[in-house]
Amino acid sequence: MTAFAAVDVIRAKRDGGALSDEQIRWVVDAYTRGDVAEPEMAALAMAVFLRGMDARETATWTGAMIDSGSRLSLRVDRPTVDKHSTGGVGDKITLPLAPLVATCGAAVPQLSGRGLGHTGGTLDKLESIPGWRAALSVDEITAQLNSVGAVVCAATSGLAPADRKLYALRDVTGTVESVPLIASSIMSKKIAEGSAGLVLDVKAGSGAFMKSVSDASELARTLVEIGTAHGVATTALLTDMNTPLGAAVGNAVEVAEAVEVLQGGGPADVVELTVALAREMLALAGLSVDPARVLASGEAYETWCRMITAQGGDCSAPLPRPAHVAVVEAAGSGYLSALDAYAVGVAAWRLGAGRARKEDPVQHAAGIRCLAKPGEQVTEGQPLLELHTDTPEAVPAALDALATAVEITDKAPEARELILHRVS
């Protein structure tokens with residue numbers, strides 16, 4: 001590989017130029033090996049943040065991060081398809097979606113992460129199930145995909161190590177909010193997982209990383225372009241995240257809600273998004289099955305139990321319950337016109353459901369139950385939110401976060417559009 005001077009690469013991007021494929025591959029490889037120092041990569045990340053990258057640069061950057069590690073080789077008899085969400089509040093969709101799509105005939109290798117800040121992590125939710133374990137070897141992942149059809153676990157250490165290193169650097173240098181760097185971070189890990197198809201749930205709104213629909217649309221287009229450039233059939237749904245998904249936000253409470261959905265019930269918005277994403281995944285897998293019928297039948301719950309049992313969990317064991325519960329009541333009567341997702345997410349985090357640093361523990365029983373959703377009529381004094389925590393001293397801070405979360409008006413709000421549009 002041709003060697004370059006890091007400062008020349010930095011200057012090229014600082015001055016608005018497009019980096020060559022050779023420059024990109026060299027700088028990512030050299031940074032991973034330690035030959036490009038942290039201050040140099042920080043300067044380049046800032047240059048990318050300010051100047052951007054075009055589609056070719058972004059695809060090459062993604063490929064270089066994939067090549068910094070290994071790729072999973074999934075020896076599976078079924079068609080493989082994966083899903084990724086950009087993160088939200090109450091977003092437990094992976095939990096019912098993976099066993100649903102597996103029940104319909106595909107293999108779903110869902111390598112997931114932990115929550116940080118106001119957005120929850122899939123692994124944190126599942127670890128509220130007694131005995132369940134997140135760490136699996138590649139052989140265990142492959143065996144479970146062949147026997148059950150779905151696995152939700154932690155990413156193996158060899159996948160895209162350049163991304164882990166660069167993500168930590170971006171987090172402390174103010175360069176997180178860059179569409180090319182966000183997109184390459186997401187796609188390097190997903191493409192390295194080895195699935196033939198990928199469906200993206202790109203969220204827009206107060207509780208999402210991308211607050212505006214236009215920014216979320218740009219990210220969705222970039223993600224799909226990268227997947228296509230790397231030979232992975234990719235589609236995206238743009239979905240609303242101004243209101244929490246479902247009625248549960250936290251860890252064990254979200255698992256309980258996911259089980260309701262798998263048994264044929266659950267909140268309408270969780271069911272709607274689960275079925276919509278399942279349809280996209282099954283289309284990419286070439287399977288003509290109606291996921292709405294399968295979900296309503298409860299068949300996917302049997303797959304869920306097999307998936308949990310295969311990873312050491314007991315799906316019949318009671319989930320953790322909080323030591324303390326507090327209630328937020330309606331301050332007046334009328335229509336609940338808004339329930340701010342970001343405020344609810346921050347409150348759940350302060351109750352112990354999330355973490356401020358990656359090494360922090362979470363409370364499995366902590367979270368919030370939304371007892372009413374926008375559009376419903378409420379009366380003064382009616383319970384609106386139920387706060388769960390093992391540390392009652394955290395309640396005042398959670399209530400502070402919720403101070404402006406609820407809006408009650410005389411007029412009913414317009415119906416919420418959950419799925420905004422599709423990108424392919």
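## Starting at R33

R33 has a relative accessible area of 48%, which puts this arginine in the partly exposed class. Keep in mind that everything here comes from a predicted model. The partner of R33 is D35, and the two side chains meet in a salt bridge with N and O 2.2 Å apart. How accessible is D35? Its relative accessibility is 52%, so D35 counts as exposed. The cut-off explains the labels on this pair: exposed means over 50%, so D35 at 52% qualifies, while R33 at 48% stays partly exposed.

## A bridge between two helices

Which residue does D21 pair with? D21 forms a salt bridge with R56, and the closest N and O atoms sit 2.6 Å apart. D21 belongs to helix α2 (residues 21-33) and R56 to helix α4 (residues 55-67), so this contact ties together parts that are 35 residues apart in sequence.

As for accessibility, D21 comes in at 21%, which counts as partly exposed. R56 is partly exposed as well, with a relative accessible area of 35%. Buried would mean under 20%, so D21 at 21% falls outside that class.

## More salt bridges, and a network

How many salt bridges turn up in the whole structure? The search finds 23. As general background, side chains of opposite charge can pair when their charged atoms come close.

Another of these bridges joins E299 and R293, with an N to O distance of 3.3 Å. E299 has 33% relative accessibility and counts as partly exposed, and R293, at 46%, is also partly exposed. Elsewhere, salt bridges that share partners link D240, D269, K373 and R416 into one network.

## The second largest pocket

R416 shows up again here. The second largest pocket is lined by 18 residues, and those nearest its centre are T243, P374, A415, R416 and E417. The elements giving two or more residues to this lining are α12 (268-285) and β8 (334-339).

How much space does the second largest pocket hold? The figure is about 330 Å³. By residue class, the lining of this pocket splits into seven nonpolar, four polar and seven charged residues.

## One cavity

With a floor of 30 Å³, the search of the whole structure returns one cavity. The space inside the largest cavity is about 110 Å³. Which residues lie closest to its centre? Out of 18 lining residues, they are H118, T119, G120, V249 and G250.

Two elements, β6 (248-250) and α15 (341-353), each supply at least two residues of the cavity lining. Of the elements, α15 gives the most, with four residues. As for chemistry, the cavity lining has ten polar residues, five nonpolar and three charged.

## Cysteines

A disulfide is a covalent bond between the sulfur atoms of two cysteines. How many disulfides does the search count here? With the cut-off of 2.5 Å between cysteine sulfur atoms, the count is zero disulfides.

Is C305 buried or exposed? At 15% relative accessibility, C305 counts as buried, since that class means under 20%. C315, on the other hand, is partly exposed, with a relative accessible area of 28%.

Notes: Residues numbered from 1 in each chain as written. Predicted model: local features only at pLDDT ≥ 70, side-chain atom pairs only at ≥ 80, totals over all residues. Heavy atoms only, no water. Salt bridge = Lys/Arg side-chain N within 4 Å of Asp/Glu carboxyl O. Buried < 20%, exposed > 50% of the residue type's maximum accessible area, 1.4 Å probe, protein only. 1 Å grid on protein atoms, 1.4 Å probe; cavity = no way out; pocket = protein on both sides within 12 Å on 5 of 7 lines; lining within 4 Å. Points joined across faces, edges and corners; volume = space filled by probe spheres on them. Nonpolar A, V, L, I, M, F, W, Y, C, P; charged D, E, K, R; others polar.
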